[in-house]
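Me: I've got a fold here that I'd like to talk through with you. Mind going over it piece by piece?

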Amino acid sequence: MVKRRPDLPPRMRGRLARRLTAAAALGKFELPVCNECGTVVFPLQEICRSCLSDRLQWRPVPSTGQVLTRTVIRHSTDAYFQARRPILIGTAQLDCGPVIFARLSPD
């Protein structure tokens, strides 16, 4: 078993999550959008949940929305997150449609 450094985040991410992270590293918020019906596909998947098309294209989408819920995580079993406690998280309804689970800023 290979141990990871506790100062690095967990690495178990799928191909679609790595694509989302790559855009975020460039300061962009992109999600897959269906070329057939225009649905923003989230949670990330290979096929549109509305029309079942597999013709999805990653596009910039608005990152604005309304916070629906929020909570504070004060404990974690992962060393990476223990060093960053407390963590403010919540759900938000994005203006482009999906509800996401995200870290929130204190303000």
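Me: Which helix is Ala-22 found in?
Reply: Quick caveat before that: this is a predicted model, so local features need pLDDT of at least 70, side-chain atom pairs count only at pLDDT 80 or more, and totals for chains, interfaces and linings use all residues. Residues are numbered from 1 along each chain as its sequence is written, and side-chain values use heavy atoms, with hydrogens and water left out. Helices here are DSSP runs of H or I with at least four residues, strands are E runs of at least two, and both are numbered from the N terminus. Residues 15–25 make up one such helix, and Ala-22 sits in that stretch, which is α1.

Me: Does Ala-22 count as buried, exposed or partly exposed?
Reply: Buried means under 20% relative accessible area and exposed means over 50%, with partly exposed in between (1.4 Å probe, protein chains only). Ala-22 has 41% relative accessibility, so the label is partly exposed.

Me: And Ser-76, buried or exposed?
Reply: Ser-76 is in the loop between β3 and α2 (79–82). Its relative accessibility is 12%, so Ser-76 counts as buried.

Me: Which residues does Ser-76 touch?
Reply: Contact means heavy atoms within 4.5 Å. Leaving out residues up to four places away in sequence, Ser-76 touches Phe-81, Gln-82 and Arg-85.

Me: In what order do the 3 strands of the open sheet come?
Reply: Two strands pair if DSSP finds at least two bridges between them. The pairing in this open sheet is antiparallel, and the order is β3-β4-β5.

Me: Which strands stand at the edges?
Reply: An edge strand here has a single partner, so one side of it is left without a neighbour in the sheet. That describes β3 (65–73) and β5 (99–103).

Me: Over how many bridges do β3 and β4 pair?
Reply: Strand β4 covers residues 87–94 and runs antiparallel to β3. Ile-73 stands opposite Ile-87 in β4. As for the bridges between β3 and β4, there are 8.

Me: Zooming out, how do the elements of the protein run from the N terminus on?
Reply: There are 2 helices and 5 strands in the protein. Read from the N terminus on, they go α-β-β-β-α-β-β.

Me: How far apart do the centres of the positive and negative side chains lie?
Reply: Lys and Arg count as positive and Asp and Glu as negative, with His and the chain ends not counted. Each charge is placed at NZ of Lys, CZ of Arg, CG of Asp or CD of Glu. The protein has 17 positive and 8 negative side chains, and the distance between the centres of the two sets is 8 Å.
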